[in-house]
2 protein chains.
Amino acid sequence: MDKITLGAMPYMSVMPTLLVGANVKGKANYMTAAWATVACMAPPMVCVAINKTRYTAKGIDENQTFSLNVPSAKDVVETDFCGIVSGANEDKSKVYTSFYGRVKTAPMAEECPVNIECRLFKSVDCGSHLLYIGEVVEIHADRACVADKKPDTVKTDPIVYAQSAYWQVGKPAGKAFSIGKEYKKK
Amino acid sequence: MDKITLGAMPYMSVMPTLLVGANVKGKANYMTAAWATVACMAPPMVCVAINKTRYTAKGIDENQTFSLNVPSAKDVVETDFCGIVSGANEDKSKVYTSFYGRVKTAPMAEECPVNIECRLFKSVDCGSHLLYIGEVVEIHADRACVADKKPDTVKTDPIVYAQSAYWQVGKPAGKAFSIGKEYKKK
């Protein structure tokens with residue numbers, strides 16, 4: 001073993017690249033985020049960490065709703081743009097074509113192949129960031145990106161975020177709850 | 001737009017594949033998990049959702065510490081094995097060589113190139129799952145997988161989890177806070 005210590009830092013191996021949709025002052029806004037995951041199976045929940053000072057935080061606090069939109073790798077320029085520019089300084093409502101679902105106040109981006117519509121369950125104050133936990137109300141998806149009633153990874157071509165860079169999903173490395181059965185044979 | 005609704009489900013585009021390390025009844029245990037991300041920048045925090053009935057949950061509740069270990073794609077069989085078998089039924093302490101860091105009670109897997117050592121900050125009851133939020137106490141990493149004092153994605157070769165399958169990280173798709181500057185040129 002040749003381990004070294006790197007200090008305490010907000011590291012994660014790989015993350016999703018998403019656009020957090022929120023209405024702020026009645027207008028759609030999209031913010032790039034990667035600090036997100038599933039938070040619960042039943043009821044289905046997701047969570048996303050957002051800096052308290054962000055414009056998007058105001059919108060979620062105001063409406064108690066938000067969306068997580070999954071962009072495709074082909075739209076990486078628009079995706080990153082929404083992480084560079086703040087809605088406080090620039091109107092980002094026209095970067096995507098917005099549509100609304102069941103909760104009415106969570107804008108979703110048509111151009112993103114998958115959209116997760118959420119109602120806020122709880123926000124947890126962690127320090128610089130609030131961890132917004134949302135109950136999933138509905139998953140919207142492009143018909144062409146769905147297989148077996150679920151979003152298909154290859155068709156969706158989602159963007160992986162790691163080490164301050166975007167990546168595509170690569171080669172399959174095994175089936176979950178399956179390839180591990182080979183372990184005992186060793 | 002040709003969107004369809006898929007119902008409410010615990011979906012996320014891509015997730016990290018990790019091993020949650022926890023001492024349970026004084027013995028190291030490792031559980032495969034993918035529902036994890038960064039929760040806060042300052043102080044640095046990560047979170048992971050774990051089913052309340054899991055053996056690992058007992059260990060975190062008992063010690064108020066845990067680790068998130070990043071396996072390489074070459075070790076996908078061991079990784080998946082730890083998600084198939086419960087520590088309640090089988091001793092998983094020998095699947096990896098454990099070492100301990102600053103918090104003393106969070107076992108970490110030597111074979112994993114990156115290890116995130118955590119002290120429990122808060123657990124949030126979301127329903128079937130508890131969302132464990134941990135303050136990052138230290139990041140341990142294989143010297144060979146570090147570049148610029150951070151874990152290097154290509155050298156680490158972490159496993160992406162999506163659609164109940166494991167994947168490798170693929171081609172670079174752009175630099176964050178950079179490629180989006182091209183947007184205005186359109």
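**Exercise 1. Cysteines**

How many disulfides does the count come to over all chains? Work from the predicted model, and examine B:Cys40 and B:Cys126 in turn.

*Solution.* The criterion to apply is that two cysteine sulfur atoms must lie within 2.5 Å. For B:Cys40, the closest cysteine sulfur belongs to A:Cys126 and is 5.4 Å away, which is too far for a bond. For B:Cys126, the closest cysteine sulfur is that of A:Cys40, at 5.3 Å, and this too is too far for a bond. As for their surroundings, B:Cys40 is buried, with a relative accessibility of 0%, and B:Cys126 is likewise buried, at 3% relative accessible area. The count over all chains is zero disulfides.

**Exercise 2. The sheet across both chains**

Determine in which order the six strands of the open sheet are arranged, and which of them stand at the edges.

*Solution.* Begin with the order, which reads β2(A)-β14(A)-β15(A)-β15(B)-β14(B)-β2(B), with antiparallel pairing. The edges are taken by β2 (15-16) of chain A and β2 (15-16) of chain B; each has a single partner strand, so one side of each is left without a neighbour in the sheet.

Next, follow the pairings within chain A. Two bridges connect β2(A) with β14(A) in the antiparallel sense, and here A:Met15 stands opposite A:Tyr161. On passing to β15(A), one finds that β14(A) is joined to it by four bridges, again antiparallel, with A:Tyr161 opposite A:Tyr166. The hairpin formed by β14(A) and β15(A) has two residues between the strands, and in it A:Gln163 adopts a positive phi near 55°.

Then consider the side chains of β14 (residues 159-162) of chain A: A:Ile159 and A:Tyr161 point one way, A:Val160 and A:Ala162 point the other way, and all are buried.

Finally, turn to chain B, where β2(B) and β14 (residues 159-162) run antiparallel and are joined by two bridges; the bridge partner of B:Met15 in β14(B) is B:Tyr161.

**Exercise 3. The interface**

Describe the interface between chain A and chain B by its contacts, its buried area and its polar interactions.

*Solution.* Start with the contacts, in which 104 residues of chain A meet 104 residues of chain B. The area buried between the two chains is about 9,100 Å², and carbon and sulfur atoms give 67% of this. Of the area that chain A buries against chain B, 8% is supplied by A:Lys3, A:Tyr11 and A:Tyr183, more than by any other three residues.

For the polar part, there are 44 residue pairs in polar contact between the chains, counting pairs with both residues at pLDDT 80 or more. The salt bridges between chain A and chain B number four, and one of them links the side chains of B:Asp2 and A:Arg143, with an N to O distance of 3.1 Å. To locate the interface in the fold, note that strand β15 (residues 165-175) of chain A contributes eleven residues, the largest share of the side of chain A that touches chain B.

**Exercise 4. The setting of B:Thr156**

Is B:Thr156 buried or exposed, and which residues does B:Thr156 touch, not counting those up to four places away in sequence?

*Solution.* First place the residue: B:Thr156 lies in helix α3 (residues 153-156) of chain B. Its relative accessibility is 1%, and because the threshold is under 20%, B:Thr156 counts as buried. With residues up to four places away in sequence set aside, B:Thr156 touches B:Val70, B:Ser72, B:Pro113, B:Val114, B:Cys145 and B:Pro151. The side chain of B:Thr156 also reaches the backbone oxygen of B:Asp152, at 2.6 Å.

How values were computed
Residues are numbered from 1 along each chain as its sequence is written. Chains are lettered from A and ligands numbered from 1 in the order in which they are written. This is a predicted model: local features need pLDDT of at least 70, side-chain atom pairs count only at pLDDT 80 or more; totals for chains, interfaces and linings use all residues. Side-chain values use heavy atoms; hydrogens and water are left out. Buried means under 20% relative accessible area, exposed over 50%, partly exposed in between (1.4 Å probe, protein chains only). Two strands pair if DSSP finds at least two bridges between them. Contact means heavy atoms within 4.5 Å. Buried area is the accessible area (1.4 Å probe) that two parts lose on being put together, summed over both. A polar contact is a pair of N or O atoms within 3.5 Å; within protein, one must be able to donate a hydrogen and the other to accept it, and residues adjacent in sequence count only if both atoms are side-chain atoms.
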